[in-house]
Amino acid sequence: MPMFSKRVCQTLHDEHLATSRLLERLGALLDRCRQEPPDGTDGLVTQLLRDIQSAMESEITRHFNFEEAQLFGYLARIGEAAIGAHLTEEHEAMRPLGRELGALARAAAAGGFDARSWQAFQRVAAELCDRLLGHIHKEEMALLPLLEENLDPAADASLHEAYAVNG
């Protein structure tokens, strides 16, 4: 059963859940391999690295860009610009981390980790996990309920279609 009645809100919520699950898997890897790099031939590790690449290089970029280009403008027009400005600042701080983590994951998927690359991966992954989990929480607790309350059916349909077209 959907949590939100507005389609665009439900879509973003579903993406938040998927990203949160990915971050949980990433956090578990970081916890399990604190001292030494994971085995690059382990199927679960290689799948996680591919999933990280995909999420960082496309899904998160697409999600952030859509919010900034479409949702935050809508909120500004209804007098709710502050939340969009705050979330945009967070996006700007996370984008370089996401790009770096995607590149590190791509390199590790191709050649495994050595001590140095694992240390870099751990640093970037831990920072991005902390920032992104907090960000998702803010969007779930503030952004999506605000949109759910204020979107009329036509605006919801238009935003949902705009997001689907850019998918």
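Phenylalanine 121 is in contact with Leu26, Leu30, Leu49, Ile52, Leu101, Leu104, Ala105 and Phe113, residues up to four places away in sequence being left out of the count. In this predicted model, the largest nonpolar core comprises 29 residues, and Phe121 is one of the four that touch the most other members, together with Leu26, Ile52 and Leu101. Helices H1, H2, H3 and H4 are the elements that contribute two or more residues to this core. Separate from it is a second core, made up of 20 residues, with Leu12, Leu75, Leu143 and Leu146 among them. Nonpolar side chains tend to be buried together in soluble globular proteins.

The protein contains five helices and zero strands, and its pattern along the sequence reads α-α-α-α-α. Its C-alpha atoms occupy a box of roughly 50 × 30 × 25 Å along the principal axes. Of the 167 residues, 44% are buried. Among contacts with a separation of 6 or more, 83% are between residues 24 or more positions apart.

Two helix pairs involving H4 were examined. The axes of H3 and H4 lie 9 Å apart, and the two helices pack at an angle of about 150°. The crossing of H3 with H4 is left-handed. By residue class, the contact of H3 with H4 consists of 17 nonpolar, four polar and seven charged residues. For H2 and H4, the axes come within 12 Å and the crossing angle is roughly 35°. H2 also passes H4 in a left-handed crossing. On the H2 side, the residues making the contact include Leu49, Ile52, His63, Phe64 and Glu67, and those on the H4 side include Phe121, His135, Glu139, Leu143 and Leu146. The contact of H2 with H4 divides into 15 nonpolar, three polar and two charged residues.

Two buried histidines were considered in more detail. Histidine 91 is located in helix H3 and is buried, its relative accessible area being 0%. Apart from residues up to four places away in sequence, the contacts of histidine 91 are Phe64, Glu67, Glu68, Phe72, His135 and Glu139. Of these, Phe64, Glu67 and Phe72 of H2 and His135 and Glu139 of H4 also take part in the contact of H2 with H4. Histidine 63 belongs to helix H2. With a relative accessibility of 6%, histidine 63 is buried, because the cut-off for burial is under 20%. Outside its neighbours within four places in sequence, histidine 63 touches Leu12, Glu15, His16, Glu139 and Tyr163. Glu139 is thus listed among the contacts of histidine 63 and among those of histidine 91. The C-alpha atoms of histidine 63 and leucine 159 are 12 Å apart in space, although 96 residues separate the two in sequence.

The structure has eight salt bridges. One of them joins glutamate 15 to arginine 62, with 3.3 Å between the closest N and O atoms. This pair links distant parts of the chain, since glutamate 15 is in helix H1 (residues 7-32) and arginine 62 is in helix H2 (residues 43-77), 47 residues apart. Arginine 62 is partly exposed, at a relative accessible area of 24%. Glutamate 15 is also one of the residues in contact with histidine 63.

A further salt bridge is formed by the side chains of glutamate 57 and arginine 106, at an N to O distance of 2.3 Å. Because glutamate 57 lies in helix H2 and arginine 106 in helix H3 (residues 81-111), this pair ties together parts that are 49 residues apart in sequence. Both residues are partly exposed: the relative accessible area is 40% for glutamate 57 and 42% for arginine 106.

Glutamate 90 and lysine 138 form another salt bridge, their closest N and O atoms being 2.2 Å apart. Glutamate 90 is in helix H3 and lysine 138 in helix H4 (residues 115-150), so this salt bridge ties together parts that are 48 residues apart in sequence. Glutamate 90 has a relative accessible area of 16% and is therefore buried, the limit being under 20%. Lysine 138, by contrast, is partly exposed at 34% relative accessibility.

Terms used. Residues are numbered from 1 along each chain as its sequence is written. This is a predicted model: local features need pLDDT of at least 70, side-chain atom pairs count only at pLDDT 80 or more; totals for chains, interfaces and linings use all residues. Side-chain values use heavy atoms; hydrogens and water are left out. A salt bridge is a side-chain nitrogen of Lys or Arg within 4 Å of a carboxyl oxygen of Asp or Glu. Helices (H or I, at least four residues) and strands (E, at least two) are DSSP runs, numbered from the N terminus. Buried means under 20% relative accessible area, exposed over 50%, partly exposed in between (1.4 Å probe, protein chains only). Axes are lines fitted to C-alpha atoms, for helices over the stretch in contact, and angles run from 0 to 180 degrees between N-to-C directions. A crossing is left-handed if the near helix is turned anticlockwise from the far one by less than a right angle, and right-handed if clockwise. Ala, Val, Leu, Ile, Met, Phe, Trp, Tyr, Cys and Pro count as nonpolar, Asp, Glu, Lys and Arg as charged, and the others, Gly among them, as polar. A nonpolar core is a set of buried Ala, Val, Leu, Ile, Met, Phe, Trp, Tyr and Cys residues joined through side-chain atoms within 4.5 Å. Contact means heavy atoms within 4.5 Å.
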